[in-house]
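Student: I'd like a close look at one part of this model, please. Could you take me through a single salt bridge and then show me what else is worth knowing around the structure?

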Amino acid sequence: MNSIIPVLPGLFFGFNWTGIAWIICLMMMIYLIFNMTDRPLFPLVNWIFWVIYLILALSVDFSVIGLQLTIQYVLPILVGIVASSFTYSWPKLFWAFQQFARLIIVVFLVFAVYKALTGYSPHMASTPMLLYVMATLSLGAYYVLQQKKYLIIFLILFLMPFLSVTRMAILVFVTSFVVHFSNRSISSKIPYAFLGAVLFAIVFTSESFQKKTFYDGKGEISDLSLNYYESNSGLNTNGRTAWQVGLEPGLEKNPIFGNGPRSDNAVLSELAGEDNAEAHNDYLSVRYNYGWLGLLCLLGGFASTFFQLLKVYLQDNIPLFSIMIGSTLTLFVGFLFFMYSDNILKYTIFFPNYFFAMIGITYSVSRRGLAYL
């Protein structure tokens, strides 16, 4: 928006608009938590070790930037708690879907205008994550309702990571197309897997993808590696290999408890020659800041919540509920993928807030049932 409308200031009271957005969300969550009328059903016990560890790490090694990181990590959990405190009905859920759809339309139009005016993509890493939430819900609706318009919505949203050549987003979109949990038919996953392979092949052979992915500007599928940081793979990691090498001394020095909240910023900023820099790998960043113990607390929260929801998913066959819980389970897969190539844990307003809200909604619906109004 700043590039399309130049009169908009880049900063407001010292914060960029992204920062203002998640701070407003934080204040709203605090207000709503103190005004809840029903007991929240979000599985806080699954995440309590992660939250306690974050607070202890901050108290031992306090810094303002560490405080910001801690709040960013905790905010989505607060969103999940608030979302799980409400009682839902299908009209209410459909209304929420409509509001989210309106937001996505605005974001997509801004992307299209920006791309047309500049030739570049705004928020190349984070915007596909936001669109991925809607794409996953659309796929869920397509698999359950068998209405092609939802598949068309998915394909339109897929244009964004394709045109901006956001490689992990492309992989996540294609993978979710195949493994989506709302598609309960195992046999039908075979043709969808074939279509997914065709879709990936089209993307892989495109000139823009080849130029961005390989240093030589051309490569084969056999050149791809699961190890993104493999030095002799010929893959263009956009500087990520340098980040990993720069963080290795700290990883070896404090492998269990880490080096303190946001301590990676000092190392990465010096390497990048900027005031702030990111590892573009949440597994690497969490390990550096909080050690293996912190990473295990985080992944433990994901794993326990996923398997609890999976149990509900296997027991409940209500078609419309399959859209919600199937999409939520699928987002777990995308979240863990994005963590490998970006800082999705910090992108509260682009993905984690929506994801944890869906977790909260799913827990509320599964335990309270659906209201009639």
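Tutor: Happy to. Let's begin with Lys346 and Glu278, whose side chains meet in a salt bridge at 3.1 Å, N to O. Please keep in mind that this is a predicted model.

This pair ties together distant parts of the chain, with the two positions 68 residues apart. Lys346 sits in the loop between α13 and α14, while Glu278 belongs to the loop between α11 (264-272) and α12. How covered is each partner? Lys346 counts as buried because its relative accessibility is 9%, and the cut-off for buried is under 20%. Glu278 has 22% relative accessibility, so Glu278 counts as partly exposed.

The pair does not stand by itself: Arg262, Asp264, Glu278 and Lys346 are linked in a network of salt bridges. Within that network, the side chains of Asp264 and Arg262 meet at 3.0 Å, N to O, and both of these residues are buried.

The whole structure holds 4 salt bridges. For a contrast in setting, look at Glu207 and Lys211, which form a salt bridge at 2.9 Å, N to O. Both lie in helix α9 (residues 207-213), 4 residues apart, or about one turn of the helix. Here Glu207 is exposed, and Lys211 is exposed as well.

Now to the empty space inside the model. A search of the whole structure turns up 1 cavity of 30 Å³ or more, and the volume of this largest cavity is about 60 Å³. Its lining includes Trp47, Trp50, Gln72, Tyr73, Leu298, Phe302 and Leu345. Four elements, α2 (44-60), α3 (64-83), α12 (282-315) and α14 (352-368), each give two or more residues to that lining. Of these, α3 gives the most, with 4 residues. In chemical terms, the lining of the largest cavity has 11 nonpolar residues, 1 polar residue and no charged ones.

You can also look at an open space, the second largest pocket, which holds about 1,300 Å³. It is lined by 37 residues, and the closest to its centre are Leu93, Ala96, Phe97, Phe100 and Ile361. Helices α1 (17-33), α3, α4 (90-118), α5 (126-145), α13 (319-341) and α14 each supply at least two lining residues. The largest share comes from α4, with 10 residues. By class, the lining of this pocket has 32 nonpolar, 4 polar and 1 charged residues. Two of the helices named here, α3 and α14, are also among those that give two or more residues to the lining of the largest cavity.

One last stop is on the surface. Phe12, Phe13, Phe15 and Trp17 form a nonpolar patch there, with about 470 Å² of accessible area together. Phe12 is found in strand β1 (residues 11-12). Because its relative accessible area is 38%, Phe12 is classed as partly exposed.

To return to your starting point, follow the chain from Lys346 in the loop between α13 and α14 to Glu278 in the loop between α11 and α12, and then pick out Arg262 and Asp264, which belong to the same network of salt bridges.

Note on methods:
Residues numbered from 1 in each chain as written. Predicted model: local features only at pLDDT ≥ 70, side-chain atom pairs only at ≥ 80, totals over all residues. Heavy atoms only, no water. 1 Å grid on protein atoms, 1.4 Å probe; cavity = no way out; pocket = protein on both sides within 12 Å on 5 of 7 lines; lining within 4 Å. Points joined across faces, edges and corners; volume = space filled by probe spheres on them. Nonpolar A, V, L, I, M, F, W, Y, C, P; charged D, E, K, R; others polar. Patch = residues over 30% accessible without salt bridge, like charges linked within 9 Å, V, L, I, M, F, W, Y side chains within 5 Å. Areas by Shrake-Rupley, 256 points an atom, 1.4 Å probe, with all protein chains shown as cover. Buried < 20%, exposed > 50% of the residue type's maximum accessible area, 1.4 Å probe, protein only.
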